[in-house]
Amino acid sequence: MRLALLTSIFIFFIGACAPQSQSPHWTYEGEEGPQHWGELDDSYAVCGTGTHQSPIDISAPSEQDLANIVFHYESSQVNIFNNGHTVQVNYDAGSYIELDSVRYDVLQFHYHAPSEHTVDGKEFPAELHIVHKNAEGKLAVVGILLEEGSQNEAYQPFIENLPKQKSDAQDAGVSINANDLLPSIQTTFRYSGSLTTPPCSEGVSWLLMTTPVEVSSEQLSTLESIFEEGNNRPVQPLNNRSLEEDSTP
Ligand SMILES: [Zn+2]
C-alpha cells in the first residue's frame, strides 16, 4: 500500500500542471473553483496559503543579461489526451533544455485559454506550457503567449487533434516539434512560482517568452471550444519575489 501511495504521488508530479483523475475534484469556477482550491483537500493547502504562486501579472521586470536557455528539442509523436482540465501531449523522451547549465527534460505540453499570465494587466487569448523536469525532480515551465494573427502550421498537429471529451492518451499518428512552437526571439521573463493547478506546488522555474506567437482566429476558436468556461487560474500576488527579463537574445 505504501508503495502504491508513493507511486500515485509520483504520477501526480509527473502530471505537473495536469493532475491525474485520482486526485480530488476541482474546477475553474464555482464552489470548487480557484478561490477554494486550498480548502478542497489537505494536499491542496498551498493553493491557498502559498506566497510563491503562479500565474502572475508581468509588470516592471528588472532587465538582466541572463544566460540564454539552450533548447535541445527533437520532434515527438503527438500522444494526446484530455484530462478534463486541459489537453496535453506527452512528449517523447530525449528532448531537453539547459538552464544555467542544468538539464531539464521535456515531459509534456498543454494549454490554457485565456492565458494565465498577463503582461501589464493584458490577457492573451491562450498560453502554451512546455513542462520540463531535472534529475532532482525540480520543474521548469516554458510559457508561450498566443495572440491572434496568421495561421500557424506548426501548431496544427496539436490543434487539429484536440479531444473534445475526457480521454486516455492516444497516438494521433502525427509528429510535432516543440522548437517550431517557440517564438523566433527566445528571451524570457523569469521568476520562481508554482504549478497553476492543484496541488499548486512551489519551486517551479517559470520561463515565459517575452514575444507572443501568432495563431489564427480559427485556431484560437478551436482551443477555446474544448473548455468553454475557460481553463486559466487568475493571477496571484508577486509578494517579495524578483521578476527578471532577459534583455539579450
Ligand atoms: Zn499549465
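1. A nonpolar core is here a set of buried Ala, Val, Leu, Ile, Met, Phe, Trp, Tyr and Cys residues joined through C-beta atoms within 7 Å, where a residue is buried if 20 or more other C-beta atoms lie within 10 Å of its own, exposed if 12 or fewer, and partly exposed in between, with C-beta atoms placed from the backbone. In the largest nonpolar core, which has 52 residues, Ile 130, Val 141, Ile 144 and Leu 146 touch the most other members. Strand β10 gives the most to this core, with seven residues. Leaving aside residues up to four places away in sequence, Ile 130 touches Val 106, Phe 109, Val 141, Val 142 and Ala 178, a contact being two residues whose C-beta atoms, placed from the backbone, lie within 7 Å. In soluble globular proteins, nonpolar side chains tend to be buried together.

2. The basis of these remarks should be stated early: this is a predicted model, in which local features need pLDDT of at least 70 and side-chain atom pairs count only at pLDDT 80 or more, while totals for chains, interfaces and linings use all residues. Residues are numbered from 1 along each chain as its sequence is written. The mean pLDDT of the chain, that is, the predictor's confidence in each residue on a scale from 0 to 100, is 93, and 91% of the residues reach 70 or more. Residues 9-15 call for separate mention, since pLDDT stays under 50 over them, and for this stretch the model has six contacts beyond four places in sequence.

3. On overall dimensions, the chain has a radius of gyration of 17 Å, which agrees with the value near 18 Å that a compact globule of 249 residues would have; the radius is taken over C-alpha atoms, and the globule rule is 2.2 Å times the number of residues to the power 0.38. Taken along the principal axes, the C-alpha atoms fill a box of roughly 50 × 45 × 35 Å. Of the 249 residues, 39% count as buried, and among contacts between residues at least 6 apart in sequence, 69% join residues at least 24 apart.

4. The secondary structure comes to five helices and 15 strands, helices (H or I, at least four residues) and strands (E, at least two) being DSSP runs numbered from the N terminus. Strand β4 (residues 75-82) pairs with strand β11 (residues 170-177) in the antiparallel sense over five bridges, two strands being paired if DSSP finds at least two bridges between them. Within that pairing, Gln 77 of β4 stands opposite Ser 175 in β11. Strand β4 is also joined by four bridges to strand β5 (residues 87-90), again antiparallel, and Asn 82 has Val 87 in β5 as its bridge partner. The two strands β4 and β5 form a hairpin with four residues between them, and Gly 84 in the turn has a positive phi of about 95°.

5. Helix α5 (residues 217-226) has a buried side that includes Gln 219, Leu 220 and Leu 223. These residues cover an arc of only 100° around the axis, which puts them on the same side of α5; the arc is that of the directions from the helix axis to the C-beta atoms. The face turned away from this side carries the exposed residues Ser 217, Glu 218 and Ser 225. The buried residues of α5 pack against β7 (102-112), β9 (126-134), β10 (139-148), α4 (156-159) and β14 (213-215).

6. Thr 222, also in α5, is partly exposed, with 18 other C-beta atoms within 10 Å. Not counting residues up to four places away in sequence, Thr 222 touches Ile 159 and Leu 162.

7. Some backbone details deserve inspection. Most residues other than glycine have a negative phi, and most peptide bonds are trans. A cis peptide bond joins Ala 113 and Pro 114, with omega of about 0°, and Pro 114 lies in the loop between β7 and β8 (118-119). The bond from Pro 198 to Pro 199 is likewise cis, with omega near 15°, and Pro 199 lies in the loop between β12 (188-194) and β13 (202-209). Ser 101, in the loop between β6 (96-99) and β7, has a positive phi near 70° and counts as exposed, with 7 C-beta neighbours inside 10 Å. Asn 239, in the loop between α5 and β15 (244-246), has a positive phi near 55° and is exposed, with 10 other C-beta atoms within 10 Å.
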